[in-house]
Amino acid sequence: MNFTTTPTDWDATNITYGSNEARFTATTGELSTLAIANPSNLTFDLRRTGNSTAKTLYVEVSTTTQNGTYTIIETYDHGN
């Protein structure tokens with residue numbers, strides 16, 4: 001998926017778009033959707049700009065709601 005705006009049925013907090021990507025503009029940035037049905041794979045690109053502070057990306061799921069309690073299923077940082 002190439003992002004230029006928030007996709008239909010997705011929620012976004014502290015997200016901007018450019019160069020066909022969603023950019024998390026704060027440590028509290030969130031991008032969520034109700035369902036991704038049977039994905040064969042998901043790709044995440046974690047990088048930083050001029051800020052030397054390490055970033056962490058959490059992949060979280062909820063089986064009950066889009067805006068409810070989430071469980072972290074994977075953590076990505078600059079070490080992996």
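Student: Why is R23 called partly exposed in this predicted model?

Tutor: R23 has a relative accessible area of 35%. Buried means under 20% and exposed means over 50%, with partly exposed in between. The value for R23 lies in that middle range, so R23 is called partly exposed.

Student: What makes the contact of E21 and R23 a salt bridge?

Tutor: The side chains of these two residues meet at 3.0 Å, N to O. The definition asks for a side-chain nitrogen of Lys or Arg within 4 Å of a carboxyl oxygen of Asp or Glu. The pair of E21 and R23 satisfies that limit, and therefore counts as a salt bridge. In general, side chains of opposite charge can pair when their charged atoms come close.

Student: How many salt bridges does the structure hold?

Tutor: The structure holds 1 salt bridge.

Student: Is K55 buried, partly exposed or exposed, and how do you know?

Tutor: The relative accessible area of K55 is 27%. A buried residue would be under 20% and an exposed one over 50%, so K55 is partly exposed. K55 is found in the loop between β4 and β5. Along the sequence, K55 and D77 are 22 residues apart, while their C-alpha atoms are 6.0 Å apart in space.

Student: Where is L42, and why is L42 called partly exposed?

Tutor: L42 lies in the loop between β4 (30–33) and β5 (56–61). Its relative accessible area is 47%. Because exposed requires over 50% and buried requires under 20%, L42 is classed as partly exposed.

Student: Which residues form a nonpolar patch on the surface with L42?

Tutor: The patch consists of I36, L42, F44 and Y76, with about 360 Å² of accessible area together. Membership requires over 30% relative accessible area, and L42, at 47%, therefore meets that requirement.

Student: What makes D9 exposed?

Tutor: D9 has 57% relative accessibility. The cut-off for exposed is over 50%, so D9 counts as exposed. D9 is placed in the segment before β1 (10–13), and has a positive phi of about 70° although it is not a glycine.

Student: How do you know that N14 is partly exposed?

Tutor: N14 has a relative accessible area of 34%. That value is between the limits of 20% and 50%, so N14 is partly exposed. N14 sits in the loop between β1 and β2 (15–18). The phi of N14 is positive, near 55°, in a residue other than glycine.

Student: What is the secondary structure of the protein?

Tutor: The protein has 0 helices and 6 strands, and its pattern along the sequence is β-β-β-β-β-β.

How values were computed
Residues are numbered from 1 along each chain as its sequence is written. This is a predicted model: local features need pLDDT of at least 70, side-chain atom pairs count only at pLDDT 80 or more; totals for chains, interfaces and linings use all residues. Side-chain values use heavy atoms; hydrogens and water are left out. Patches are made of residues with over 30% relative accessible area and no salt bridge: like charges are joined within 9 Å, nonpolar side chains (Val, Leu, Ile, Met, Phe, Trp, Tyr) within 5 Å. Accessible areas come from the Shrake-Rupley method with a 1.4 Å probe; for residues, only the protein chains shown count as cover. Helices (H or I, at least four residues) and strands (E, at least two) are DSSP runs, numbered from the N terminus. Buried means under 20% relative accessible area, exposed over 50%, partly exposed in between (1.4 Å probe, protein chains only).
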